[in-house]
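Here is a brief report on backbone geometry and a metal site. The model is a predicted one.

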Amino acid sequence: MEKIYIPANVDRMISTSSKGDQSKWQIDEKWIKQNTRGYEGQAEVLSSLILYCSTLPTQEYVVYSPCEIILPNKEVSVGCYSLDFRGKLQEVTLERLFEANFTSSDLILNDQSLSTDEKFKRVLQQVERFTGLDVREEVSRMLAFDALILNEDRHTNNILFLYNPFAKTWRLAPIFDNGLSLLSDETDYPPGKPVSVLARKVIAKPFNSNFSKQLSLYKGPPFINKTKLVDKLEAEHFDFGRAKQVLWSQLHDPRLAHLFFEGSETHD
Ligand SMILES: Nc1ncnc2c1ncn2[C@@H]1O[C@H](COP(=O)(O)OP(=O)(O)O)[C@@H](O)[C@H]1O
Ligand SMILES: [Mg+2]
């Protein structure tokens, strides 16, 4: 596994994840995240492998690689890293986008009188008004992906837009921060308990706490090449630990079957 040495002069950043405390460092073009509550890095790496086996072009998702992190005091831990996806673009989270337009996504998301469909419709309508982007298909596909990986961290700061201040254009950022998934939080989902039981406890975000409800927002075609994914999983030497077991279990869930197609390796 790649070793990354954290220089003494690089500050540790503490995360904005809904569970709070994952340490992160930026060293040149690398963004490094340390496992905190369990196997977040393995979940992150496996999630990007799934997307690699999808119809999504590579610029639409962030690739995470596993790494060993060596702190200035020689302490060793594990995690993952990704390469910078922002470049010179400005990042604006969904939450910040609403704030910049003198409103809040919470007004819609916390309105108990609204159905999941209605919340989705209203939020995405506003996004289109603020940016000109119609990203309904992309966002609903991300939520379908979240249902597959049981991502419990798709809060409004993990849906991101990139603004080009020179061209004054917007785009949706690549799918990123998928590490709190596949039951990686071993504090909340202790090892040794049946995966099927633990999976039922996971709470989805941001339109509904139920993954099936968010999954039903996606009306597009199958986008994950199951043949390619199974081949990759079988060929992969990296130890994904329980993350792989959780994914196998998810692959057999009939509610997710419409996300997959069987096909030869044509998307490389
Ligand atoms: N590869 C990357 N390229 C650019 N910015 C990144 C990258 N990875 C993380 N960041 C920045 O760090 C923030 C937090 O990263 P994220 O992966 O969401 O971790 P967490 O929320 O667990 O701290 C992101 O919102 C983004 O601003
Ligand atoms: Mg995040």
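## Positive phi outside glycine

Exposed here means over 50% relative accessible area, with a 1.4 Å probe and protein chains only. Asp28 has a relative accessible area of 64%, so Asp28 is exposed. Its backbone stands out: phi at Asp28 is positive, about 50°, although the residue is not a glycine. Asp28 sits in the loop between strand 3 (23–27) and strand 4 (30–34).

Lys74 also has a positive phi, about 75°, and is not a glycine. The loop between strand 5 (64–70) and strand 6 (76–83) holds Lys74. Lys74 has a relative accessible area of 66%, so this residue is exposed.

## A cis peptide bond

Lys205 and Pro206 are joined by a cis peptide bond. Omega there is near -5°. Pro206 belongs to the loop between helix 6 (195–199) and helix 7 (211–215).

## The magnesium site

Which protein atoms are donors of the magnesium ion (ligand 2)? They are OD1 of Asn158 and OD of Asp177, lying 2.0 to 2.3 Å from the ion. The pair links distant parts of the chain, 19 residues apart. Asn158 lies in the loop between helix 5 (136–149) and strand 8 (160–164). Asp177 lies in the loop between strand 9 (169–172) and helix 6.

Are these two donor residues buried or exposed? Both Asn158 and Asp177 are buried. By contrast, Asp28 is exposed, and Lys74 is exposed.

Definitions and conventions
Residues numbered from 1 in each chain as written. Chains lettered and ligands numbered in written order. Predicted model: local features only at pLDDT ≥ 70, side-chain atom pairs only at ≥ 80, totals over all residues. Heavy atoms only, no water. Helix = DSSP H or I, 4+ residues; strand = E, 2+ residues; numbered from the N terminus. Buried < 20%, exposed > 50% of the residue type's maximum accessible area, 1.4 Å probe, protein only. Donors = N, O, S within 2.8 Å, 3.2 Å for Na, K, Ca; no water.
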